[in-house]
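Me: I have a protein model open and would like to go through it slowly. Can we take it piece by piece?

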Amino acid sequence: MSASSLHKQLKKNLADVENRIANAAARGGRLGGDVELIAVTKYAPWPAIEALVEIGHRQLGENRPQQLLERAALFAEKSPQSELQWHLIGQLQRNKVRAVLPAVALIHSVDSVRLLEKIDEVAGELGLNPQVLLQVNISHEESKSGFSAEDVREVLQSRTPLAHVQCVGLMTMAPLTEDENVIRSVFCGLRELRDELATPDRPLKHLSMGMSGDFEIAIEEGATLVRVGSALFEGCEGQEIQA
Ligand SMILES: *Cc1c(COP(=O)(O)O)cnc(C)c1O
């Protein structure tokens, strides 16, 4: 695959996904611009990520902190003017918080009080005010990390607010199933939890939900951030790039 056909493929994929986002938003009575597309780059080959940035995309997401840091550093070195926004969408260990905080725009995957408190402590030391989402395991799957709905209520309503870290919304993942009703009920459940917990001081603006297989349902149910990988990089995987 040549660099120019890679660009062409990505432009087409991006336009397709953006179109589907706009249509789903319209069905939910919203504007396409109300939904932010985060390109999940975890399986994408480096040239495809570079090409995506070259055609103007700025919001990137990684699930592994190490890979996020490496790729963020590479972009900072090769194209410092690109001003990318990195989203961490996977599990964060407390010993990685210090390295990750300065590099990310938003952490979607805060899944315990201990992690939240660690982020607050390190943010204070570094003089940062990071934004985070609380990951909620709406479907109670044992294989998934995240707070239960009960725990989220406890964290947001009963604990004293943290000094440095700001919770700006909730994140969830739908179970792996073909059953659209099950998927929809999980997304709807996250929105209802947000509506219950939002206050004027803490609007919980963001709902991060929806991946390649289910982002349209998520948007219909109120997603503001969708995390899309495979649909965006389709046809770009494993290709040899010719200079
Ligand atoms: C990999 C991943 C995605 C993107 O998945 P696709 O199906 O490739 O779109 C979204 N969210 C999280 C948390 C992920 O780990």
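Me: To start, is Cys167 buried or exposed?
Reply: Cys167 is buried, because its relative accessible area is 15%, where buried means under 20% relative accessible area, exposed means over 50%, and partly exposed lies in between, with a 1.4 Å probe and protein chains only. Please keep in mind that this is a predicted model, in which local features need pLDDT of at least 70 and side-chain atom pairs count only at pLDDT 80 or more, while totals for chains, interfaces and linings use all residues. Residues are numbered from 1 along each chain as its sequence is written, and side-chain values use heavy atoms, with hydrogens and water left out.

Me: And what about Cys236, buried or exposed?
Reply: Cys236 is buried, since its relative accessible area is 1%.

Me: How many disulfides are there?
Reply: The count is 0 disulfides, a disulfide being a pair of cysteine sulfur atoms within 2.5 Å.

Me: Moving on to helix H1, what span should it have?
Reply: Helix H1 covers residues 3-27, and because the expected span is 1.5 Å times one less than the number of residues, its 25 residues should span 36 Å, which agrees with the 36 Å between its end C-alpha atoms. Helices (H or I, at least four residues) and strands (E, at least two) are DSSP runs, numbered from the N terminus.

Me: Which residues of H1 are buried, and what covers them?
Reply: The buried residues of H1 include Leu6, Leu10, Asn13, Leu14 and Val17, and their cover includes strand S1 (36-40), helix H2 (46-54) and helix H9 (230-233). Just after H1 comes Gly29, which has a positive phi of about 75°.

Me: What about H2, which of its residues are buried?
Reply: In H2 the buried residues are Trp46, Ala48, Ile49, Ala51, Leu52 and Val53, and H1, S1, S2, H3 and H9 are among what covers them, with contact meaning heavy atoms within 4.5 Å.

Me: New topic, which residues are around the ligand?
Reply: Among the residues around the ligand are Val40, Lys42, Asn63, Ser212, Arg227 and Ser230, where a residue is near a molecule or strand if one of its heavy atoms lies within 4 Å of it.

Me: Which ligand atoms are paired with Ser212 and Arg227?
Reply: For Ser212, an N or O atom of the side chain is 2.5 Å from an oxygen atom of the ligand, and for Arg227, a polar side-chain atom lies 2.9 Å from a ligand nitrogen atom. The protein covers 88% of the 390 Å² of accessible area that the ligand has on its own, with areas from the Shrake-Rupley method and a 1.4 Å probe.

Me: Back to the backbone, what is the phi of Glu83?
Reply: Glu83 has a positive phi of about 45° although it is not a glycine. Most residues other than glycine have a negative phi.

Me: Where does Glu83 lie, and is it buried or exposed?
Reply: Glu83 lies in the loop between H3 and S3, and it counts as exposed because its relative accessibility is 66%.

Me: And Leu204, is that buried or exposed?
Reply: Leu204 counts as buried, because its relative accessibility is 1%. Its phi is also positive, near 50°, and Leu204 lies in the loop between helix H7 (180-197) and strand S7 (206-208).

Conventions:
A polar contact is a pair of N or O atoms within 3.5 Å; within protein, one must be able to donate a hydrogen and the other to accept it, and residues adjacent in sequence count only if both atoms are side-chain atoms.
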